[in-house]
Amino acid sequence: LDPLISSFEKYVFQNLESLENTFSHQYWNNLSSRHRVALRTLQNDLTIVVKRADKGGGIVILDREQYISEAYRQLRDVHYYRLLDNDPTNNIQDQINKILHQASIQGTISAKECKFLTCSRPRIPCIYFLPKIHKTLLNPSGRPIVSGQGSLLEPLSQFIDAYLKPLVPQIKSYVKDSTDFMNGIESLGSLPSDAILVTMDV
């Protein structure tokens, strides 16, 4: 290696290290002290729950008792939920591991894919609710969201999603976004006077 290049490289790394040491312990807060106190007060207030709104991107501050009551109201609906006698995580994990092991032996998945799909320390998914303030501001119902981050099924979901992504746009009913929908409507041309346009949310 050219001595000049070597010296330059050493100089650059020294400067980078110097910058890292200079800024590693420095930060600038973009909030005023009054705002920081307000945030800490909200954070330490155990009588409230702060959630983002189901739609519109707003932030909602809810009475904690009201939030818990809405959660119980939904979770007690036996049409959708049932109380388990025990935690099924270990049993589900054993079933998944057996299937992955067999698939790996058969060559259906590679050793690398098998390792990715194996969740050795799964986290139990938890449910939370986003208030639907676009429907009512008084005791809004909540949209149930199950956070599966770190759960047994997260790697499997990511794996399946990677294979489905290129296939979904090929479905005839696929709508990419609002612009795609508007283009599709315009391509229909003139509609009969007795035509009825219907939308459906699944």
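A polar contact here is a pair of N or O atoms within 3.5 Å, where, inside a protein, one atom must be able to donate a hydrogen and the other to accept it. Keep that in mind for the first close-up, and note that everything shown comes from a predicted model.

**View 1. Ser-147 at the end of strand E4 pairs up with Arg-123.** Ser-147 sits in strand E4, which covers residues 142–147. Its side chain makes a polar contact with the side chain of Arg-123, at 3.3 Å. Is Ser-147 buried or exposed? Buried, because its relative accessibility is 19% and the cut-off for that class is under 20%. Once neighbours within four places in sequence are set aside, Ser-147 is in contact with Arg-123, Pro-125, Cys-126 and Tyr-128. One of those partners, Cys-126, belongs to strand E3, residues 126–131.

**View 2. Asn-139 in the loop between E3 and E4.** Which residue has a positive phi without being a glycine? Look at Asn-139, with a phi of about 50°. Most residues other than glycine have a negative phi. Asn-139 lies in the loop that joins strand E3 (126–131) to E4. At 54% relative accessibility Asn-139 counts as exposed, whereas Ser-147 over in E4 counts as buried.

**View 3. Both ends of helix H7.** Helix H7 spans residues 178–187, and Asp-177 caps its N-terminal end. What does the capping is a side-chain oxygen of Asp-177, placed 3.3 Å from the backbone nitrogen of Thr-179. Move past the other end and you come to Gly-189, which follows H7 and has a positive phi, near 75°.

**View 4. Arg-64 in helix H3 and the segment around Thr-47.** Arg-64 is part of helix H3, residues 64–75. With neighbours within four places left out, Arg-64 touches a run of residues from earlier in the chain: Leu-46, Thr-47, Ile-48 and Val-49 are in contact with it. Take Thr-47: it is 17 residues from Arg-64 along the chain, yet their C-alpha atoms are separated by 5.3 Å. Even with that company, Arg-64 counts as partly exposed, at 31% relative accessibility.

**View 5. Gln-106 in helix H4, with Ala-162 for scale.** Gln-106 is in helix H4, which runs over residues 89–106. The relative accessible area of Gln-106 is 55%, so this residue is exposed. How far apart are Gln-106 and Ala-162 in space? The answer is 21 Å, C-alpha to C-alpha, for a pair 56 residues apart in sequence.

**View 6. Zooming out to the whole chain.** The protein chain has seven helices and four strands, in the order α-α-β-β-α-α-α-β-β-α-α from the N terminus. Its radius of gyration is 27 Å, well over the 17 Å that the globule rule gives for 202 residues, so the chain is more spread out than a compact globule. Along the principal axes, the C-alpha atoms fill a box of roughly 80 × 60 × 55 Å. Just 14% of the 202 residues count as buried. The exposed area is about 17,400 Å², with carbon and sulfur atoms supplying 57% of it. Among contacts with a separation of 6 or more, 49% come from residues 24 or more positions apart. As for charge, there are 22 positive and 21 negative charges, and their mean positions are 4 Å apart.

Key. Residues numbered from 1 in each chain as written. Predicted model: local features only at pLDDT ≥ 70, side-chain atom pairs only at ≥ 80, totals over all residues. Heavy atoms only, no water. Helix = DSSP H or I, 4+ residues; strand = E, 2+ residues; numbered from the N terminus. Buried < 20%, exposed > 50% of the residue type's maximum accessible area, 1.4 Å probe, protein only. Contact = heavy atoms within 4.5 Å. Rg over C-alpha atoms; globule rule 2.2 N^0.38 Å. Areas by Shrake-Rupley, 256 points an atom, 1.4 Å probe, with all protein chains shown as cover. Lys, Arg positive; Asp, Glu negative; His and termini not counted. Charge placed at Lys NZ, Arg CZ, Asp CG, Glu CD.
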